[in-house]
Number of protein chains: 2
Amino acid sequence: MKIPAPGKPVRGSQSGAPIMVLFDLLGRRWAMGIVWTLSEQGPCTFRELQEKCDNLSPTTLNTRIAELRAACLVDHDTTGYRVTLRGRELYKMLVPLGLWAKEWGKDLQGFPGAQT
Amino acid sequence: MKIPAPGKPVRGSQSGAPIMVLFDLLGRRWAMGIVWTLSEQGPCTFRELQEKCDNLSPTTLNTRIAELRAACLVDHDTTGYRVTLRGRELYKMLVPLGLWAKEWGKDLQGFPGAQT
DNA sequence: TTTCATTGCTATGAATATTGTAGCAGTCAC
DNA sequence: GTGACTGCTACAATATTCATAGCAATGAAA
């Protein structure tokens with residue numbers, strides 16, 4: 001699978017705009033979940049990560065890891081897989097999403113909702 | 001396709017944790033891009049939206065719209081499709097990602113990068 | 001009342017991504 | 001060597017996405 005890189009046209013966007021590249025990268029199965037999990041729970045092995053990510057298939061995990069490593073968001077050392085500094089920056093920006101999601105979830109309980 | 005809703009197990013997560021539900025919803029092709037585009041460029045018709053989203057297929061656009069409407073992030077009125085109040089909240093949290101992505105993109109130019 | 005353009009959207013088949021299961025090769029402690 | 005771990009790969013089934021064509025409804029103009 002093509003790995004998205006800023007400046008180059010990606011799946012679904014000819015512009016190469018960094019935000020669209022990022023959306024392409026993160027808009028793949030478990031991409032954000034992996035960054036989230038590694039950040040919240042610390043470094044872990046391939047199989048540990050697989051378990052924490054709801055036992056996603058090794059195929060997909062491996063693909064996702066390759067993409068996230070290419071994007072310098074995740075790396076690998078003796079402690080296992082872990083987020084990089086940049087990965088942690090990204091995580092920090094996802095935290096507000098986590099808080100917001102709780103409220104969103106509450107409101108959405110009383111489905112279907114009128115809104116605007 | 002199953003539409004993610006907070007509190008219920010979703011594709012890839014049995015926990016039903018709101019953040020995982022959100023990741024499931026947003027981790028689909030063009031989901032974040034649609035919220036971004038509608039927020040930045042204002043309401044537009046189905047076909048306009050399609051064009052702005054790099055001519056993604058109507059099938060996928062329609063599916064994504066249904067999911068985002070079910071999640072109360074997007075709705076539809078006489079002006080066309082647009083983000084809801086909650087959708088705008090989400091967008092505002094994505095804005096920092098856009099800024100960060102620019103830096104990330106710059107650094108990543110000199111691929112492959114050492115980091116941590 | 002018959003065009004005509006525009007609307008949202010569906011049908012279809014091919015291409016691509018993801019899943020689930022099994023298992024391999026390397027490393028390390030014993 | 002043996003066993004228990006490691007990171008992965010192979011393979012076939014399923015799910016998702018794409019690209020193209022086109023339909024039914026609406027509203028404006030002729």
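## Two surfaces and two DNA strands

By class, the surface near DNA strand D has 5 nonpolar, 7 polar and 4 charged residues. Here a residue is near a strand if one of its heavy atoms lies within 4 Å of it. Ala, Val, Leu, Ile, Met, Phe, Trp, Tyr, Cys and Pro count as nonpolar; Asp, Glu, Lys and Arg count as charged; the others, Gly among them, count as polar.

This is a predicted model, in which local features need pLDDT of at least 70 and side-chain atom pairs count only at pLDDT 80 or more, while totals for chains, interfaces and linings use all residues; side-chain values use heavy atoms, with hydrogens and water left out. Residues are numbered from 1 along each chain as its sequence is written, and chains are lettered from A and ligands numbered from 1 in the order in which they are written.

## Chain A in outline

Chain A has 5 helices and 2 strands. Helices (H or I, at least four residues) and strands (E, at least two) are DSSP runs, numbered from the N terminus. Along the sequence, the pattern of chain A is α-α-α-α-β-β-α.

Chain A has 116 residues, and 52% of them count as buried. Buried means under 20% relative accessible area, exposed means over 50%, and partly exposed lies in between (1.4 Å probe, protein chains only). Contact means heavy atoms within 4.5 Å. Take the contacts in chain A between residues at least 6 apart in sequence: 44% of these join residues at least 24 apart.

## How the two copies relate

A turn of 180° and a shift of 0.0 Å along the axis lay chain A on chain B with an RMSD of 0.0 Å. The two copies are thus related as by a two-fold rotation axis. In chain A, the C-alpha of A:G27 is the nearest to the axis, at 2.0 Å. The superposition is by least squares on the C-alpha atoms of residues with pLDDT of at least 70 in both copies.

The copies meet through the same surface, because 100% of the interface residues of chain A are also interface residues in chain B.

## Around DNA strand D

DNA strand D is surrounded by 16 residues, and the closest are A:R47, A:N62, A:Y81, B:T59 and B:R64. Of the atoms of strand D that come within 4 Å of the protein, 57% belong to sugar and phosphate.

Some polar contacts stand out by name. A polar contact is a pair of N or O atoms within 3.5 Å; within protein, one must be able to donate a hydrogen and the other to accept it, and residues adjacent in sequence count only if both atoms are side-chain atoms. The side chain of A:N62 has an N or O atom 2.5 Å from a phosphate oxygen of strand D. For the side chain of B:R64, the distance to a phosphate oxygen of strand D is 2.9 Å. The side chain of B:T59 reaches a base nitrogen of strand D, at 2.8 Å. α4(B) gives the most to this surface, with 4 residues.

## Around DNA strand C

DNA strand C also has 16 residues around it, and A:T60, A:R64, B:R47, B:N62 and B:Y81 are the closest. Sugar and phosphate make up 53% of the strand C atoms that come within 4 Å of the protein. Near strand C, the surface has 5 nonpolar, 8 polar and 3 charged residues.

A polar side-chain atom of A:R64 lies 2.9 Å from a phosphate oxygen of strand C. B:F46 uses a backbone N or O atom, 2.9 Å from a phosphate oxygen of strand C. The side chain of B:R47 has an N or O atom 2.4 Å from a base oxygen of strand C. α4(A) gives the most to the surface near strand C, with 4 residues.

## Inside chain B

α1(B) is mostly covered, with 8 of its 9 residues buried. Its buried residues pack against α2 and α5 of chain A, together with α2, α4 and α5 of chain B. B:R28 sits in the loop between α1 and α2 of chain B. B:R28 is buried, at 4% relative accessible area. The side chains of B:R28 and B:E67 share a polar contact of 2.9 Å.

β1(B) and β2(B) form a hairpin with 2 residues between them. The strands run antiparallel and are joined by 4 bridges. Strands pair if DSSP finds at least two bridges between them. B:T79 lies in the loop between β1 and β2 of chain B. B:T79 is partly exposed, at 46% relative accessibility. The side chains of B:T79 and B:D77 make a polar contact of 2.7 Å.
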